[in-house]
Structures are given as C-alpha cells and as structure tokens.
Amino acid sequence: MTPPTGDGATPAPIDRPVLELLRDRLETTRQVETTAITGDGHLELDVRLSDEYYPRRVQTASLAVRWYENDAFKIHYREARTSDDWECRWDRHRNPHNERDHYHPPPDASTPGEDASWPTDYREVLTLVLGEIEDRVQTLWDE
C-alpha cells in the first residue's frame, strides 16, 4: 500500500470511517437493498440498489464507493441490463486525463471524462449522486 502523502496527488489509504458513515446513511433510504464494506486492504462500499425502483429491463443496479483519507473518491454506478450495461462514475483524484474532479459519462463511464466540480463534504457528494440516480431512474421509467 502506498503511504499517504497528504498532497492529494498520490493514493492515500481508504477512509473506513467515511465508508461506514456513507453505509449508515444509505441504509436509511428506500433506494437501497443491501450494503457491505468489502475487500482486504483496499476497502470498498458495495451497495445494491432496490430492484423495485427499476423497470424489468434493469436486472441489477449498484454503487461501488471508495473514499480515501485525502478526500479523493470514486463512486461507480452500474446498471446490469438484459441487453447491455449502463454505467457512469464520479471521481476526485489526480490523473493524466482530467482535472481532479471529473465525471465519466454513460453509457460506459468512458475515459477521458468531463471535468467537474464536486462539493467538499462527503455527505453533499452522496446527496448529489443519489439525486442524479433518481433522475436516471425517472428517465428509465419515461422511456
């Protein structure tokens, strides 16, 4: 594991307390079916979203969250569908392809992404992501 440098440019350890707070918050929403913090050393919050919110053509929907002690993060949303997958990702980390805050757009979370600006507080980032997922679910039902 790479030691934290505090400069925001290199990988830092996973921030388990933030993952636990995000898990606790997500478990209170009806959008979420299950949550689990998984992995040895490189922890991740795996979230299975409730099937009840999605049309039948979406077999499963999930979030995978990594939050680092330097406030870098990756939040990956994925729909497994009958014909293909649909996914996107909200990121904050140094990289050669985008600004530190960026978004990998659907349908394949392509790289390079789009430069963006995310809130500094992890709770506000979660609220933003859940709001965008709500918009996505509404679009699915309207199609």
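**View 1. A80 meets its bridge partner, D85, in strand 5.** This is a predicted model, so local features need pLDDT of at least 70 and side-chain atom pairs count only at pLDDT 80 or more, while totals for chains, interfaces and linings use all residues. Residues are numbered from 1 along each chain as its sequence is written, and side-chain values use heavy atoms, with hydrogens and water left out. Strand 4 and strand 5 make a hairpin with 3 residues between them, and they pair in the antiparallel sense over 8 bridges. (Strands are DSSP runs of E, at least two residues, and helices are DSSP runs of H or I, at least four residues, both numbered from the N terminus; two strands pair if DSSP finds at least two bridges between them.) Elsewhere along strand 5, D91 is the residue opposite K74.

**View 2. Here is the hairpin of strand 3 and strand 4.** There are 5 residues between these two strands, and D71 takes a positive phi near 70°. The strands run antiparallel and are joined by 9 bridges. To find one of the residue pairs, look for A61, whose bridge partner in strand 4 is E79.

**View 3. Now for the whole sheet: 7 strands, open, in the order 1-2-3-4-5-6-7.** The pairing is antiparallel. Which strands stand at the edges? They are strand 1 (32-38) and strand 7 (114-115); each has a single partner strand, so one side of each is left without a neighbour in the sheet. Strands of a sheet pair through backbone hydrogen bonds, either parallel or antiparallel.

**View 4. Strand 6 runs antiparallel to strand 5 and to strand 7.** There are 4 bridges joining strand 6 to strand 5 and 2 joining strand 6 to strand 7. On one side, R89 has H104 as its bridge partner in strand 6; on the other, E114 in strand 7 is opposite Y103. D101 and Y103 point one way from strand 6, while H102 and H104 point the other way, and all are buried (buried means under 20% relative accessible area, exposed over 50%, and partly exposed in between, with a 1.4 Å probe and protein chains only). In a regular strand the side chains alternate between the two faces of the sheet. Strand 5 has 7 of its 8 residues buried, so the rest of the structure largely encloses it.

**View 5. Let's hunt for rings: the whole structure holds 4 aromatic pairs.** W67 and Y122 have ring centres 6.2 Å apart and planes at 75°, so they count as edge-to-face. (Rings of Phe, Tyr and Trp, using the six-membered ring of Trp, pair if their centres lie within 6.5 Å; planes under 30 degrees apart are stacked, over 60 edge-to-face and the rest tilted.) W67 belongs to strand 3 and Y122 to helix 2, so the pair ties together parts 55 residues apart in sequence. Both W67 and Y122 are buried. Another pair, W90 and Y103, is tilted, at 5.6 Å centre to centre and 55° between the planes. With W90 in strand 5 and Y103 in strand 6 (residues 101-104), this pair ties together parts that are 13 residues apart in sequence. W90 also has Y103 as its bridge partner. As for burial, W90 has a relative accessible area of 2% and Y103 has 14%. Ring pairs also link F73 with W67 and Y122 in a cluster.

**View 6. Helix 2 (residues 122-142) has a buried side and a face turned away from that side.** The 21 residues should span 30 Å at 1.5 Å a residue, and the end C-alpha atoms are indeed 30 Å apart, so the two agree (the expected span is 1.5 Å times one less than the number of residues). Buried here are Y122, V125, L126, V129, L130, I133, R136, V137 and L140. Seen down the helix axis, they fall within an arc of 130°, so they line one face (the arc is that of the directions from the axis to the C-beta atoms). The face turned away from them carries the exposed T127, D135 and D142. What covers the buried residues? Helix 1 (16-26) and strand 3 (58-67) are among the elements that do (contact means heavy atoms within 4.5 Å).

**View 7. The charged end of R136 sits over the ring of W86.** It is 3.7 Å from the ring centre (to count, NZ of Lys or CZ of Arg must be within 6 Å of the ring centre and within 35 degrees of the ring normal).
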